[in-house]
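Open the model in your viewer and keep the sequence panel visible. The tour goes from the whole chain to single residues.

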Amino acid sequence: MAKVTTDTLIGQLLQIDPNIAGILMRAGMHCIGCPSSQMESIAEAAMVHGMDADVLVQQINDFLGE
């Protein structure tokens, strides 16, 4: 199982599992298809969207662990 961190890039997340897009969309990150978002880390994206990156990482890692 892949384990993501706050330094993982959004583009890498979608390569690990495209279904992670649903988690990001539910969190309010509707710009995941934007070319610039592909090179943004989870921490950077969370900061822009006013959310806790650690909570998002935990949700993604829980999903990957299922």
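The stops below cover the overall fold, the nonpolar core, and then two residues with polar side-chain contacts.

**Whole chain.** Start with a cartoon view of this predicted model. The protein has 4 helices and 0 strands, and the order along the sequence is α-α-α-α. Its radius of gyration is 10 Å, close to the 11 Å that the globule rule gives for 66 residues, so the protein is as compact as a globular protein of that length. Along the principal axes, the C-alpha trace spans about 25 × 20 × 20 Å. Among contacts between residues at least 6 apart in sequence, 66% join residues at least 24 apart.

**Surface.** Now switch on the molecular surface. About 3,900 Å² is exposed, and carbon and sulfur atoms supply 55% of that area. Of the 66 residues, 35% count as buried.

**Nonpolar core.** Hide the surface and select Leu13, Leu24, Ile42 and Ile60. Within the largest nonpolar core, which has 17 residues, these four touch the most other members. Helices α1 (10-16), α2 (20-26), α3 (42-48) and α4 each supply at least two residues of this core. The most comes from α4, with 5 residues. In soluble globular proteins, nonpolar side chains tend to be buried together.

**Isoleucine 60.** Centre on this core residue and display its surroundings. Which residues is isoleucine 60 in contact with, leaving aside its neighbours within four places in sequence? They are Val4, Leu13, Ile20, Ile23, Leu24 and Ile42.

**Asparagine 61.** Move one residue along the chain. Asparagine 61 sits in helix α4 (residues 53-65). Is asparagine 61 buried or exposed? With a relative accessible area of 8%, asparagine 61 falls under the 20% cut-off and is therefore buried. A polar atom of its side chain lies 2.9 Å from the backbone nitrogen of valine 4. Valine 4 also appeared at the previous stop, among the contacts of isoleucine 60.

**Serine 37.** Finish in the loop between α2 and α3, where serine 37 lies. Serine 37 is buried as well, with a relative accessible area of 4%. Show its side chain: one of the polar atoms there is 2.7 Å from the backbone oxygen of cysteine 34. Not counting residues up to four places away in sequence, serine 37 touches Ile10, Gly11, Cys31 and Ile32. To relate this loop to the core stop, draw a C-alpha to C-alpha distance from serine 37 to isoleucine 20: the two are 14 Å apart in space and 17 residues apart in sequence.

How values were computed
Residues are numbered from 1 along each chain as its sequence is written. This is a predicted model: local features need pLDDT of at least 70, side-chain atom pairs count only at pLDDT 80 or more; totals for chains, interfaces and linings use all residues. Side-chain values use heavy atoms; hydrogens and water are left out. Buried means under 20% relative accessible area, exposed over 50%, partly exposed in between (1.4 Å probe, protein chains only). A polar contact is a pair of N or O atoms within 3.5 Å; within protein, one must be able to donate a hydrogen and the other to accept it, and residues adjacent in sequence count only if both atoms are side-chain atoms. A nonpolar core is a set of buried Ala, Val, Leu, Ile, Met, Phe, Trp, Tyr and Cys residues joined through side-chain atoms within 4.5 Å. Contact means heavy atoms within 4.5 Å. The radius of gyration is taken over C-alpha atoms; the globule rule is 2.2 Å times the number of residues to the power 0.38. Accessible areas come from the Shrake-Rupley method with a 1.4 Å probe; for residues, only the protein chains shown count as cover.
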